[in-house]
Structures are given as C-alpha cells and as structure tokens.
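Welcome! Here is a short briefing to help you find your way around a structure you have not met before. Have a look at it first, and then read on.

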Amino acid sequence: MKKNDPRKMAWEILARVEEGMFSDLALDAALSNASQLEDRDRALLTELVYGVLRYRGRLDFALSHCCSQPLRKVEPAVLRLLRLGCYQILLLDRIPVRAAVHETVELAKRLGLSRATGFVNGILRAVDRRRESIPWPDPRKAPLAHLQHVLSLPKWLAQTWLKEFGAAEALALAEAMLQVAPFTVRVNSLQQGREEFLAALTDAGYQAMATAYAPEGISIEGGGSRRLPGDDRGAYQLQDQASMLIAHLLAPQPGERLLDACAAPGGKTTHLAALADNRAEIMALDISAARLALVEQSALRLGTQGISCRAWDLTAAPDFLKNGSFDGILVDAPCSGLGTLRRNPESRWRRQPADLAVNAERQLAILSRAAPLLRTGGRLVYSLCTFTQEETEGVVQKFLAAYPEFERIDLRLQVPEAWRELFDEQGALRTWPHHHGGMDAFFAVGFRRKA
Ligand SMILES: C[S@@+](CC[C@H](N)C(=O)[O-])C[C@H]1O[C@@H](n2cnc3c(N)ncnc32)[C@H](O)[C@@H]1O
C-alpha cells in the first residue's frame with residue numbers, strides 16, 4: 001500500500017466531513033499536505049470524496065439490500081468503508097470490481113478494522129453479484145422513492161422538490177445536481193478582454209470556451225487541477241457563471257457609492273468594482289472578519305480599487321452608515337445554498353427543513369437593515385444561491401409589505417435579449433443547471449426605492 005493512499009485519505013476526509021467540516025476545505029487541506037501525490041491519485045481522491053457524498057442515498061440503498069442488519073446499526077467507521085467500496089463498484093467503471101473489494105478490505109486492516117474485513121468483503125461482493133436485482137424505484141411509478149434512493153436526496157428535500165416543481169422537473173433537477181459542476185472563471189476585465197485570455201488558455205493547451213451568458217466568463221474542460229496562466233497577476237477569478245450575472249443586475253456605474261451587504265469572500269464585490277471601471281466607492285460588509293480578509297486579498301490580487309471592508313452583523317443597524325447614502329445595494333444573502341449542491345455535496349445531508357425558515361428570517365432582517373441606507377431612486381438587488389419558495393418569493397413579499405416605498409423592478413428590461421430566458425414572469429432571475437448550460441441555481445430580484 002502506498003504512503004499516500006487516496007482511498008485511506010478519502011476515508012479520513014469523509015470522517016472529518018461527518019464531524020462537520022466542509023468537504024472542499026478538508027480536501028484542499030489534504031491535497032496541499034500531500035504534494036507528492038500523483039495527478040491520477042489526486043483525481044481519484046477528489047472523485048471518491050465528492051462521489052460518496054453525492055451518491056450516499058443511492059449507495060445506502062444498494063448496501064441495505066446486501067446487509068442483513070440495518071445500516072444505522074453498522075459502526076460509522078465501517079459504513080464509511082462500505083460506502084467507499086460500493087461507490088467504486090457501482091459508479092466507477094475504471095476500477096475493476098475485484099480491485100475495489102480487495103483495496104477496501106486492505107484498507108480496513110490498515111485502519112485497525114481487521115475484525116470487519118469478512119463483513120466488508122461479503123457485503124461488497126454481494127453488491128456486485130446482486131447489482132442487477134436491486135429493486136431501484138421506478139421514476140414514473142415512484143418518483144419520491146426514485147429521488148431518494150437513485151438520485152440521492154434526503155426525503156424532506158425530495159418531498160419539497162416534488163411539491164414545488166412536479167415530478168418531471170424535480171427528477172431533472174436532482175439528476176443535474178448529481179453532476180460535477182462546470183469549472184468556470186471570470187476574466188479580470190480590468191486587465192484583459194475575454195478573447196485575449198481565451199487565446200492564452202488555448203495556447204497553454206486548455207480546452208476553454210466562452211460562457212453563453214456572462215460576458216466575462218470562460219468554462220474550462222477538466223480545469224481545476226492546476227493553476228491557470230496569469231494566476232499570480234490576478235488574470236481571473238474562479239466563479240460560477242450564474243454568480244457572474246448578479247453584479248450586472250446591479251449595473252454599477254463609475255462615481256457611484258455602493259453597498260455590498262454580505263460581501264465575503266468577494267466574488268461579486270470585485271466584479272462590481274471592475275464593472276464600474278474601478279471608479280465606484282464600495283462598502284463591503286460581512287459578519288465574518290475572517291472571511292472579509294478574503295475580500296481584501298481578492299481585491300489586492302485582482303487590482304480592484306475603491307473597496308473598503310468592515311465586519312458587521314447586518315441584522316443590527318449599522319450606525320456608522322448614513323441613511324439614504326447609497327446609489328445601489330447588493331444583498332447577496334446567506335441562504336440554504338441548495339443551488340450549489342454540486343459544489344457542496346455534503347450540504348444535501350446537512351441541511352434540515354427548519355433551516356429554511358431560519359434563513360428566511362435572517363434574510364428579511366438583513367434586507368430591513370439595508371433598505372434605509374438606499375437613496376430615493378436607488379436600486380437594490382437581493383440574490384441567493386438557492387431557490388426555495390420560503391427564501392425567495394416568501395422573503396420578497398414580506399419585504400415589499402413592510403417597505404411600501406420599494407417597488408419591484410422587472411430585471412428583464414435591463415438585460416441583453418439573450419438573457420431573458422433566465423428570468424421568471426415577474427422579472428426575477430432564476431437560473432437552473434438542467435436548463436441553462438449547467439449554471440448553478442441562483443435567484444435574484446431587483447427593487448427601486450420610490451420615495
Ligand atoms: C452568499 S455568501 C456571500 C457571497 C459573496 N457575496 C460573494 O459573491 O463572494 C453570504 C455571506 O453573508 C455573510 N453573513 C451571514 N450573516 C450575516 C449578517 N447577519 N450580516 C452580514 N453578513 C452576513 C456570510 O458570512 C457570507 O459571507
């Protein structure tokens with residue numbers, strides 16, 4: 001067994017995620033401590049961690065048909081091994097079943113779980129033998145069970161999506177949320193145009209193409225494993241295409257005073273600055289001082305100017321800011337993040353139904369503190385990387401009822417023709433991975449202050 005065994009590393013990272021750590025942070029930390037790990041093993045490690053987290057519902061369904069005791073009674077360390085092995089058997093074509101079983105049993109020994117080797121061996125062999133007879137629920141006859149056990153959603157999410165979207169849409173969305181999100185970057189337009197950066201990437205051997213909607217977006221085939229050319233000089237920023245649309249909706253102008261109310265880590269703050277040609281004055285707030293440091297780092301790296309940062313919990317009134325003093329406000333609020341499930345696969349298991357109401361309450365509180373800071377005639381964009389009714393329209397309706405001096409803007413009237421398909425009939429942005437070229441699912445609504 002190799003010194004840096006990707007399967008053992010995956011098992012350890014999955015244990016940390018079960019303890020509450022974010023998978024991307026745990027993976028990044030492990031990868032940076034294992035510089036000698038070959039590219040192939042780095043890719044396998046990433047695939048195993050994200051794959052097991054994404055497909056946990058499907059893996060557990062298969063395992064429970066091959067295990068004589070309920071999975072909840074299996075020791076967590078052993079269940080983690082079973083999921084890793086089962087993922088390789090059912091979802092990784094490139095690993096022969098014999099190797100998947102053998103490596104998992106060997107890993108059990110290395111982890112001090114020798115007593116479980118017979119159990120692990122027996123169940124994984126049964127998964128392979130019985131794979132054709134596992135009674136996978138039919139999507140037409142049993143959409144709820146299919147969403148849970150094939151498309152790997154917890155029951156409450158499967159029920160909510162079925163209720164909100166109907167079976168066909170819920171199934172398509174859940175299928176899309178199991179895919180690997182595209183790797184996209186926003187070209188730093190303060191330095192160069194998209195064509196120029198595309199040419200540099202192509203010259204360096206990347207398969208890169210312009211994104212369909214965001215004018216400064218580039219999507220890169222197989223990106224992410226290495227730093228792209230121009231990384232040191234801030235030629236680009238990692239950002240999903242949907243997220244790149246948000247700053248455009250606020251349409252920042254040179255000379256304006258803007259508030260980014262929930263700014264960290266700064267993807268949209270730096271984009272706002274670039275769109276205003278570095279000539280806007282931007283106040284970036286965030287509850288987390290540690291995360292605000294990332295905004296400062298990004299601003300430095302990308303060469304954006306005019307951004308000042310201040311840590312503040314915007315559920316309390318910011319006494320250091322004058323009412324009516326901003327031309328534009330972005331409230332990119334904390335939310336359930338269900339629109340970015342592909343990037344944070346553990347969150348499908350971590351989120352609880354009660355989170356939605358808690359988020360909605362906090363979102364309304366933040367909007368309520370931001371609203372008085374806008375000047376008459378100014379505009380406010382409220383955006384989220386989620387789509388639940390409670391956090392989107394639910395909050396919008398409560399906000400409009402409490403602040404009659406605000407009116408809703410039909411954002412379709414201010415965007416390029418090609419973007420209009422991304423908006424609902426009320427003029428709010430609603431992007432979907434299964435409809436719009438793999439974008440994350442975002443929501444954004446615009447308001448104007450009338451008086
Ligand atoms: C969706 S993220 C913002 C992403 C950011 N706009 C970007 O594009 O990089 C939401 C942010 O809200 C912050 N936040 C949470 N509660 C807050 C509060 N009460 N006041 C201000 N910021 C808050 C979180 O720390 C988090 O950084």
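Leaving out residues up to four places away in sequence, Asp332 touches Cys262, Lys268, Ser383 and Leu384. Please keep in mind that this is a predicted model. From Asp332, the tour moves on to the ligand, the annotated positions, some backbone details and the cysteines.

**Asp332 and Asp313**

- Asp332 is found in strand E8, and it counts as buried, with 17% relative accessibility.
- The side chains of Asp332 and Lys268 make a polar contact at 2.7 Å.
- Asp313 sits in the loop that runs between strand E7 (307-311) and strand E8 (326-332).
- Is Asp313 buried, partly exposed or exposed? At 33% relative accessibility, Asp313 counts as partly exposed.
- The side chain of Asp313 has a polar contact of its own, with the side chain of Thr315 at 2.7 Å.

**Around the ligand**

- How many residues surround the ligand? There are 19, and the closest are Lys268, Asp286, Asp313, Leu314 and Asp332.
- Two backbone approaches involve nitrogen atoms of the ligand: a polar backbone atom of Cys262 is 3.0 Å from one, and a backbone N or O atom of Ile287 lies 3.2 Å from one.
- Arg291 takes part through its side chain, where a polar atom lies 2.9 Å from an oxygen atom of the ligand.
- On its own the ligand has 600 Å² of accessible area, and the protein covers 87% of this.
- An unreviewed UniProt entry lists a "binding site" made up of Cys262, Ala263, Ala264, Pro265, Gly266, Gly267, Lys268, Asp286, Asp313 and Asp332.

**The annotated active site**

- Which residue does the UniProt annotation "active site" cover? According to that unreviewed entry, it is Cys385.
- Cys385 lies in the loop between strand E9 (374-384) and helix H17 (390-402).
- Setting aside neighbours within four places in sequence, Cys385 is in contact with Cys335, Gly337, Leu338, Gly339, Thr340, Ala441 and Phe442.

**Thr431 and Ser243**

- Phe442 turns up again among the contacts of Thr431, which, apart from neighbours within four places in sequence, also include Ala242, Leu245, Leu422, His436, Met439, Asp440 and Ala441.
- Thr431 is in the loop between strand E11 (429-430) and strand E12 (443-449), and at 1% relative accessibility it counts as buried.
- The side chain of Thr431 reaches two backbone atoms: the oxygen of Asp440 at 2.8 Å and the nitrogen of Phe442 at 2.9 Å.
- Ser243 belongs to helix H12 (residues 241-250), and it is buried at 8% relative accessibility.
- With neighbours within four places in sequence left aside, Ser243 is in contact with Lys268 and Phe442.

**Backbone details to look for**

- As background, most residues other than glycine have a negative phi, and most peptide bonds are trans.
- The peptide bond from Ala264 to Pro265 is cis, with omega near 5°.
- Pro265 is placed in the loop between strand E5 (257-260) and helix H13 (267-275).
- Ser152 is not a glycine, yet it has a positive phi of about 65°.
- You can find Ser152 in the loop between helix H8 (143-149) and helix H9 (155-165), where it counts as buried at 0% relative accessibility.
- Asn278, also not a glycine, has a positive phi of about 65°.
- The home of Asn278 is the loop between H13 and strand E6 (281-286), and Asn278 is buried, with a relative accessible area of 18%.

**Cysteines and disulfides**

- A disulfide is a covalent bond between the sulfur atoms of two cysteines.
- With a cut-off of 2.5 Å between the sulfur atoms, the count comes to zero disulfides.
- Why is Cys66 not bonded to Cys86? The sulfur of Cys86 is the closest cysteine sulfur to that of Cys66, but the two are 7.5 Å apart, which is too far for a bond.
- Cys67 is in no disulfide either, and its nearest cysteine sulfur, that of Cys66, is 8.5 Å away.
- Both residues are buried: Cys66 has a relative accessible area of 9%, and Cys67 has a relative accessibility of 10%.

Key. Residues are numbered from 1 along each chain as its sequence is written. This is a predicted model: local features need pLDDT of at least 70, side-chain atom pairs count only at pLDDT 80 or more; totals for chains, interfaces and linings use all residues. Side-chain values use heavy atoms; hydrogens and water are left out. Buried means under 20% relative accessible area, exposed over 50%, partly exposed in between (1.4 Å probe, protein chains only). UniProt positions are given in the numbering used here, feature names are shortened, and annotations may be inferred rather than shown by experiment. Helices (H or I, at least four residues) and strands (E, at least two) are DSSP runs, numbered from the N terminus. Contact means heavy atoms within 4.5 Å. A residue is near a molecule or strand if one of its heavy atoms lies within 4 Å of it. A polar contact is a pair of N or O atoms within 3.5 Å; within protein, one must be able to donate a hydrogen and the other to accept it, and residues adjacent in sequence count only if both atoms are side-chain atoms. Accessible areas come from the Shrake-Rupley method with a 1.4 Å probe; for residues, only the protein chains shown count as cover.
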